[in-house]
Amino acid sequence: MNIDNLAKIDLNLLVILQVLLEEQSVTRAASRLHLSQSALSKSLNRLRLTLDDPLFQRTAHGLKPTAHAVQLGHQLPQILQTLHQLTQPPTFVPASSHQHFSFSMVESAYETLLPYFIGRILHDAPNVKLDSYVWTEKSMQDLQLGQIDFGIAGRDTHPQADLKIEQLPDGIEHQTLFKDKQVCLVRKDHPMLDAIRNKKWDLDSYLSMSHVQVRCEGNDWWALDYHLADLNLRRRISTTVPDFYGAASICAHSDLIFTLPSSFSRHAVKLYPLEEIPLPFDFMPMAYVLLWHERNSQAPGHLWLRNIICESVATAVKQTQLEILE
């Protein structure tokens, strides 16, 4: 490392480069950084001289990064995170901390998990700031880039599923919070309920029905669909929606059947005229997992928050507040 050369670099320019890479627009980047466009353009020129590369090309759709800028974009988040941590105190005191944490959670976690840990976090650390977002197909990348701190997502345990724990990207660490079985919802007075009560509820009956499905992380298939495909079977999915509450509402107002995690089902039946029925065949559970990037594994605040989440959910499981599979 050449310290003399490094001393000539304005580290603020790295922050500007990161924002430009994210926004790919001088106007939007200047707004985020509270700078004038003229000041930002001057900083961009300094960056180009420092790094000996044009970094961006102007197009009709904004700034297009060069190959060098793209390569820097893969390295910058961790570099900036490391620099940020250098400015932070080595310890974390919950009662006096004003640290900012961000979550991205699957929709069902807001009902099934958030109530068990949010109160304790805000009680022990009343001044921390918590931002939460809905988990999407882009959230894993946001974790890698350091744009969010934690993810709570569902992961399938089926070996052929798209969303497997074993397929987490490099650098992403996880802790399984609990495993949940699948159940079904149908509207009250559904014509299939008589057959179910008369013990005529089986795989053939299940496949004869039309289904409503929730699209998860951009995927239309769940682990259940891969399991059926192994048997050369397939559900008749009539409607696919982006969220669990939408699927529950459709189910309550139609003859469609909705297959979902049991922990969310108990909330849905309180809001809609629905009845829970068992899945009529054996099937492996899904796992709810806490996700974070390895760069934060030893950060005191992150470690404190992870421990609270894991301990709170474990306590809820032990007290059977969550009717799930450990």
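Trainee: Why does Arg235 count as buried?

Mentor: This is a predicted model, and in it Arg235 has a relative accessibility of 5%. The cut-off for buried is under 20%, so Arg235 falls on the buried side.

Trainee: What makes the contact of Arg235 with Asp225 a salt bridge?

Mentor: Their side chains meet at 3.0 Å, N to O. The limit is 4 Å between a side-chain nitrogen of Lys or Arg and a carboxyl oxygen of Asp or Glu, so the pair qualifies. Arg235 lies in the loop between helix H11 (223–230) and strand S9 (236–241), and Asp225 lies in helix H11, so the bridge ties together parts ten residues apart in sequence. Asp225 is buried as well, with a relative accessible area of 4%.

Trainee: Which residue in the loop between H11 and S9 has a positive phi?

Mentor: Asn232 lies in that loop, and its phi is near 60°, a positive value in a residue other than glycine. Its relative accessible area is 73%; exposed means over 50%, so Asn232 is called exposed.

Trainee: Where does His34 lie, and what is its phi?

Mentor: His34 is in the loop between helix H3 (26–33) and H4. Its phi is positive, about 60°, although it is not a glycine. At 74% relative accessibility, against a cut-off of over 50%, His34 counts as exposed.

Trainee: How do you know that Asp53 has no salt bridge?

Mentor: The nearest side chain of opposite charge is that of Arg48, and it is 7.3 Å away. A salt bridge has to be within 4 Å, so Arg48 does not supply one. Asp53 is nevertheless buried.

Trainee: What does the side chain of Asp53 reach, and what does Asp53 touch?

Mentor: The side chain reaches the backbone nitrogen of Leu55 at 2.8 Å. A polar contact is limited to 3.5 Å, so this distance is inside the limit. Leaving aside neighbours within four places in sequence, Asp53 is in contact with Arg48, Thr66 and His68. Asp53 itself is in the loop between helix H4 (37–51) and strand S1 (56–59).

Trainee: Why is H2 called roughly perpendicular to H4?

Mentor: The axes of H2 (residues 12–23) and H4 come within 10 Å and cross at roughly 105°. Angles of 65 to 115 degrees count as roughly perpendicular, so H2 and H4 are given that label.

Trainee: Which residues meet where H2 and H4 are in contact?

Mentor: On the H2 side they are Leu13, Ile16, Leu17 and Leu20. On the H4 side they are Leu40, Ser43, Leu44, Arg46, Leu47, Thr50 and Leu51.

Trainee: How many salt bridges does a search of the whole structure find?

Mentor: The search finds twelve. One of the pairs is Glu311 with Arg120, whose side chains meet at 3.2 Å, N to O.

Trainee: What makes that pair a link between distant parts of the chain?

Mentor: Glu311 is in helix H14 (residues 300–318) and Arg120 in helix H7 (residues 114–124), 191 residues apart. Glu311 has a relative accessible area of 40% and Arg120 one of 36%. Partly exposed lies between the 20% and 50% cut-offs, so both residues get that term.

Trainee: Where do the two residues of the Arg197 and Glu275 salt bridge lie, and are they buried or exposed?

Mentor: Their side chains meet at 3.5 Å, N to O. Arg197 is in helix H9 (residues 192–197) and Glu275 in strand S11 (residues 274–278), 78 residues apart. Arg197, at 52% relative accessibility, counts as exposed, while Glu275, with a relative accessible area of 24%, is partly exposed.

Trainee: Which residues form a network of salt bridges?

Mentor: Glu22, Glu23, Arg28 and Arg32 are linked in one.

Trainee: Why is Gln85 called partly exposed?

Mentor: Its relative accessibility is 31%, and the term covers values between 20% and 50%, so Gln85 fits it. Gln85 lies in helix H5 (residues 67–86). Apart from neighbours within four places in sequence, Gln85 is in contact with Arg295, Asn296 and Ala299.

Definitions and conventions
Residues numbered from 1 in each chain as written. Predicted model: local features only at pLDDT ≥ 70, side-chain atom pairs only at ≥ 80, totals over all residues. Heavy atoms only, no water. Helix = DSSP H or I, 4+ residues; strand = E, 2+ residues; numbered from the N terminus. Buried < 20%, exposed > 50% of the residue type's maximum accessible area, 1.4 Å probe, protein only. Lys, Arg positive; Asp, Glu negative; His and termini not counted. Polar contact = N/O pair within 3.5 Å; in protein donor to acceptor, adjacent residues only side chain to side chain. Contact = heavy atoms within 4.5 Å. Axes fitted to C-alpha atoms, helices over the stretch in contact; angles between N-to-C directions. Parallel < 35°, antiparallel > 145°, perpendicular 65-115°, else oblique.
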